[in-house]
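Student: I have a model open and would like to go through its sheets, cores and loops. Could we take them one at a time?

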Amino acid sequence: MQENFSLKPYNTFGVDVKAKYFIEITTIEELKEAICYSKNHNLKILFLGGGSNILLTKNFEGLVIKLSLKGIEEKDLSENKVLVTAKAGENWHEFVMYSLEKNYGGLENLSLIPGNVGTSPMQNIGAYGAEIKDTFVNCTVLDLENLELKSFNLEQCHFGYRDSIFKQEGKGKYVILEVSFTLTKKDHHIKTEYGAIKTELDHLGITNPTIQDVSRAVINIRQSKLPDPKVIGNAGSFFKNPTIPLTQFEELKLKFENIPGYPNGKVVKVPAGWLIEQCGWKGKQIGNTASHQLQALVIVNATGNATGKEIYDFSTEIINSVQKKFGIELEREVNII
Ligand SMILES: Cc1cc2nc3c(=O)[nH]c(=O)nc-3n(C[C@H](O)[C@H](O)[C@H](O)COP(=O)(O)OP(=O)(O)OC[C@H]3O[C@@H](n4cnc5c(N)ncnc54)[C@H](O)[C@@H]3O)c2cc1C
């Protein structure tokens with residue numbers, strides 16, 4: 001266990017805050033010991049995966065537990081289906097690449113999402129027309145109250161758009177240890193309808209794409225659109241796309257005729273990036289923090305010296321201006337610590 005430990009290399013915003021105590025665990029026994037230690041010493045705990053969905057706003061006066069449980073297991077389910085289970089500390093993108101090397105289908109649209117497998121259920125990670133709930137079977141967690149193992153199946157996880165039980169009533173109660181997915185071995189369901197996948201495949205000269213081709217297209221698109229945290233600190237989309245009542249959307253449409261929206265029954269999902277851009281934030285910098293010039297939804301540590309508080313205050317200003325112009329309350333996707 002380390003004391004007064006800098007978390008700068010452990011969060012993709014590159015914010016320099018210190019943890020009072022820090023430990024990296026590789027087994028469940030070590031994890032249990034660390035949790036007991038924090039209970040005995042009355043320390044708050046922060047679990048850390050890849051640090052790609054957190055904003056650290058101040059020093060953490062407790063114990064940060066970096067989850068580095070590793071391993072992938074497979075079980076044949078049928079001629080066409082395989083159950084693949086990965087431990088929490090496996091890197092998500094490497095896990096996707098592993099599945100594609102084996103020609104297992106289902107995760108290809110989720111290529112290049114940063115972070116770890118153990119965190120993927122937290123916000124039901126999603127991109128390019130897929131979410132983990134599409135292939136998720138269950139996850140094993142450790143109950144922090146009694147240190148017993150428990151399993152959550154698809155239904156029990158209450159997955160929603162960037163949401164799950166682990167961000168709602170289960171928040172702070174469990175640590176996810178491993179996640180299982182059912183993947184296809186053949187007759188893969190190729191999903192190319194979303195975003196620019198088809199255009200990118202055309203560009204690559206591919207007419208009959210494999211799951212590996214879809215992954216390559218998604219990687220190319222992501223690399224051209226999203227800032228690489230290794231180059232400029234960020235946590236991907238900072239806000240969720242808001243869902244508003246259809247009546248409110250229709251009223252807004254009278255005033256802002258170009259407002260984009262994706263209706264679903266009596267509600268409409270509006271792209272947060274568009275709203276933020278309309279308020280003049282795209283590419284705008286205040287001090288060390290900016291909205292990215294290619295994607296207004298992404299807040300970046302522009303100089304590398306931004307504090308978590310600066311980034312948080314910047315996000316509050318965005319929320320206030322979107323509220324003022326459109327009467328829509330943006331919700332942060334990133335976990336504020
Ligand atoms: C450039 C970029 C692009 C991104 N694109 C996408 C995208 O397309 N789609 C998408 O959904 N997300 C995206 N994200 C967000 C991020 O990649 C995901 O949310 C990812 O799942 C976070 O994983 P992590 O391990 O880094 O989580 P961390 O940041 O380490 O943790 C996030 C939260 O989960 C908690 N936590 C971590 N591990 C566990 C565990 N095992 N058990 C319990 N709690 C835990 C932490 O305490 C924290 O509150 C992007 C981020 C970046 C930087």
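Student: In which sense do E13 and strand E19 pair, and over how many bridges?

Tutor: This is a predicted model. In it, E13 and strand E19 (residues 298-301) are paired in the antiparallel sense, over three bridges. One pair to look at is asparagine 234, whose bridge partner in E19 is valine 300.

Student: What is the strand order of the open sheet that they belong to?

Tutor: The order is E13-E19-E18-E17, an open sheet of four strands with antiparallel pairing. Strand E13 (233-237) and strand E17 (285-286) stand at the edges; each has a single partner strand, so one side of each is left without a neighbour in the sheet.

Student: Which helix packs on the sheet?

Tutor: Helix H7 (residues 308-326) does, touching E17, strand E18 (289-291) and E19. The direction of H7 makes about 35° with that of E18.

Student: Now the other sheet. What order do the five strands have?

Tutor: They run E6-E7-E12-E10-E11 in an open sheet, again with antiparallel pairing. Here strand E6 (72-76) and strand E11 (149-153) are at the edges with a single partner strand each, so one side of each is left without a neighbour in the sheet. On average, and with direction ignored, neighbouring strands of this sheet are turned by 20° against each other.

Student: And how many bridges join strand E10 and strand E12?

Tutor: Seven bridges, in the antiparallel sense, between strand E10 (residues 136-143) and strand E12 (residues 174-184). Valine 141 stands opposite isoleucine 176 in E12.

Student: Let us turn to the interior. How many residues does the largest nonpolar core have?

Tutor: It has 42 residues, and those with the most contacts inside it are Phe239, Leu275, Ile276, Ile318 and Leu330. The elements giving two or more residues to this core include strand E2 (18-25), strand E5 (60-67), helix H5 (246-255), helix H6 (272-278) and H7. The largest share, six residues, comes from H7.

Student: Why does this core lie between two domains?

Tutor: Domain 1 (2-67) and domain 3 (233-336) both give residues to this core, so it lies between them.

Student: What does leucine 330 touch?

Tutor: Leaving aside residues up to four places away in sequence, leucine 330 touches Phe239, Lys240, Pro242, Ala272, Leu275, Ile276, Ile318, Ile319 and Val322. Apart from this core lies another, of 38 residues, among them Ala86, Ala130, Phe181 and Val218.

Student: Which residues of H4 are buried?

Tutor: They are Ile211, Asp213, Val214, Ser215, Ala217, Val218, Ile219, Ile221 and Arg222. These buried residues of H4 pack against H2, E8 and helix H3 (197-203). Helix H4 (residues 211-225) has 15 residues and reaches 21 Å from its first C-alpha to its last, close to the 21 Å expected at 1.5 Å a residue.

Student: One more topic, the backbone angles. What is the phi of asparagine 103?

Tutor: Phi of asparagine 103 is near 65°, a positive value in a residue other than glycine. Asparagine 103 is in the loop between helix H2 (92-101) and strand E8 (126-127). Asparagine 124, which is found in the loop between H2 and E8, has a positive phi of about 45° although it is not a glycine.

Student: Is asparagine 124 buried or exposed?

Tutor: Asparagine 124 is buried, with a relative accessible area of 0%, whereas asparagine 103 is partly exposed at 33%.

Technical notes
Residues numbered from 1 in each chain as written. Predicted model: local features only at pLDDT ≥ 70, side-chain atom pairs only at ≥ 80, totals over all residues. Heavy atoms only, no water. Pairing = 2+ DSSP bridges. Axes fitted to C-alpha atoms, helices over the stretch in contact; angles between N-to-C directions. Contact = heavy atoms within 4.5 Å. Core = buried A, V, L, I, M, F, W, Y, C linked by side-chain atoms within 4.5 Å. Buried < 20%, exposed > 50% of the residue type's maximum accessible area, 1.4 Å probe, protein only. Domains from an automatic or database assignment. Expected span 1.5 Å × (residues − 1).
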